[in-house]
Amino acid sequence: MPSYHEVRLYLGGLWLLIRGDARGLRPFDISNEGVLRSFWAVAWCAPALIIGWIFRRMEYLRHFPQREDYSFIFFLKMLVLEAAHWIVPTAALVALGFILRFMPLVRILIVVRNWFTVPLAYATYVILAPLTFLSDQHGALAGYGSIALAAPLLSGALFLMWRILRTVMGGPVMIRVATIGLVVLAEIIVARKLENIMGVSLT
């Protein structure tokens with residue numbers, strides 16, 4: 001598992017890439033072993049994920065108080081759903097790399113995406129999830145506050161990822177648009193399908 005010092009280097013590298021500085025690629029290991037090791041990022045996300053799952057469970061019980069499924073089963077479903085959030089973008093990047101002919105960049109894109117997920121997880125689960133839950137407690141109107149917060153968070157994440165893609169990939173704009181658009185779309189579609197199949201959707 002990467003140390004705290006290594007993770008700081010990775011996050012510093014991401015910041016340089018966001019700023020358009022290709023030197024941000026230096027900390028990342030893009031060997032086969034490095035790609036596999038980047039999935040340790042999920043361990044660094046674990047505290048945030050647990051907090052997010054707890055608030056998701058409370059929100060689920062608020063929507064469906066009549067359901068009597070055990071919390072253990074619910075959290076197991078959340079674990080499956082989280083696994084999809086890591087597997088689907090990886091598979092999508094590999095497929096797009098083959099189709100759009102940027103296979104030499106796929107490994108670095110997977111590594112960078114995995115480590116980018118760490119700060120995004122804390123922003124989503126530690127900040128947004130509690131605020132969304134508390135907002136929903138004050139009625140339907142207050143719930144718009146969570147939408148107002150989620151929208152800039154998602155937009156900001158997409159903007160930062162776009163900046164990273166521009167630094168790492170370069171090339172035609174449409175290739176980058178297709179990459180970020182199709183990866184995000186695939187992740188959302190699979191996540192929604194799984195939520196419905198496992199019965200944990202809030203809608």
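**Talking through the helices, core and spaces**

Modeller: Let's begin with Tyr 125, which lies in helix 5. Keep in mind that this is a predicted model.

Colleague: Okay, is Tyr 125 buried, partly exposed or exposed?

Modeller: Buried needs under 20% relative accessible area, and exposed needs over 50%. Tyr 125 comes out at 22%, so the label is partly exposed.

Colleague: Which residues does Tyr 125 contact once its neighbours within four places in sequence are left aside?

Modeller: A good place to look is around Ile 50, 75 residues apart from Tyr 125 in sequence but 8.3 Å apart in space, C-alpha to C-alpha. The contact list itself has Glu 82 and Pro 130 in it, and the rest of the list is Ala 48, Leu 49, Ile 51 and Gly 52.

Colleague: Staying with helix 5, how many residues does that helix give to the largest nonpolar core?

Modeller: That core has 42 residues, and Leu 14, Phe 28, Leu 109, Val 112, Trp 115 and Ile 164 have the most contacts inside it. Helices 1, 3, 4, 5, 6 and 7 each give two or more residues. Helix 5 gives the most, and its share is ten residues.

Colleague: Trp 115 is on that list; what does Trp 115 touch, not counting residues up to four places away in sequence?

Modeller: Among the contacts are Leu 14 and Phe 28, both also named with the most contacts inside the core. Pro 2, Val 7, Tyr 10 and Leu 11 are touched too. The list also takes in Arg 37, Ser 38, Trp 40, Ala 41 and Trp 44.

Colleague: Any holes in there? What is the volume of the largest cavity?

Modeller: Searching the whole structure turns up one cavity of 30 Å³ or more. Its lining is Tyr 10, Phe 28, Asp 29, Gly 34, Arg 37, Ser 38, Val 111 and Trp 115, with helix 2 and helix 5 giving two or more residues each. By class, that makes four nonpolar, two polar and two charged. The volume is about 60 Å³.

Colleague: And the second largest pocket: how many charged residues are in its lining?

Modeller: This pocket holds about 160 Å³ of space. Helix 1, helix 5 and helix 6 each supply two or more lining residues, including Leu 11, Trp 15, Phe 116 and Leu 160. The class count is eleven nonpolar and one polar, and for charged residues it is no residues.

Colleague: Over to helix 4 and the loop after it. Is Thr 90 buried or exposed?

Modeller: Thr 90 has its place in helix 4 and touches Phe 39 and Ile 110, leaving out residues up to four places away in sequence. The relative accessible area is 16%, so Thr 90 is buried.

Colleague: Where is Arg 101 found?

Modeller: Arg 101 has a relative accessible area of 77%, so this one is exposed. Phi is near 65 degrees, a positive value in a residue other than glycine. Arg 101 is found in the loop between helix 4 and helix 5.

Colleague: Last one: which residue just after helix 7 takes a positive phi?

Modeller: Helix 7 has 26 residues and spans 38 Å from first C-alpha to last, close to the 38 Å expected. Its buried residues include Ile 180, Val 183, Glu 187 and Ala 191; residues three or four places apart in an α-helix point the same way. Just after the helix, with a phi of about 75 degrees, comes Gly 199.

Note on methods:
Residues numbered from 1 in each chain as written. Predicted model: local features only at pLDDT ≥ 70, side-chain atom pairs only at ≥ 80, totals over all residues. Heavy atoms only, no water. 1 Å grid on protein atoms, 1.4 Å probe; cavity = no way out; pocket = protein on both sides within 12 Å on 5 of 7 lines; lining within 4 Å. Points joined across faces, edges and corners; volume = space filled by probe spheres on them. Helix = DSSP H or I, 4+ residues; strand = E, 2+ residues; numbered from the N terminus. Nonpolar A, V, L, I, M, F, W, Y, C, P; charged D, E, K, R; others polar. Core = buried A, V, L, I, M, F, W, Y, C linked by side-chain atoms within 4.5 Å. Buried < 20%, exposed > 50% of the residue type's maximum accessible area, 1.4 Å probe, protein only. Contact = heavy atoms within 4.5 Å. Expected span 1.5 Å × (residues − 1).
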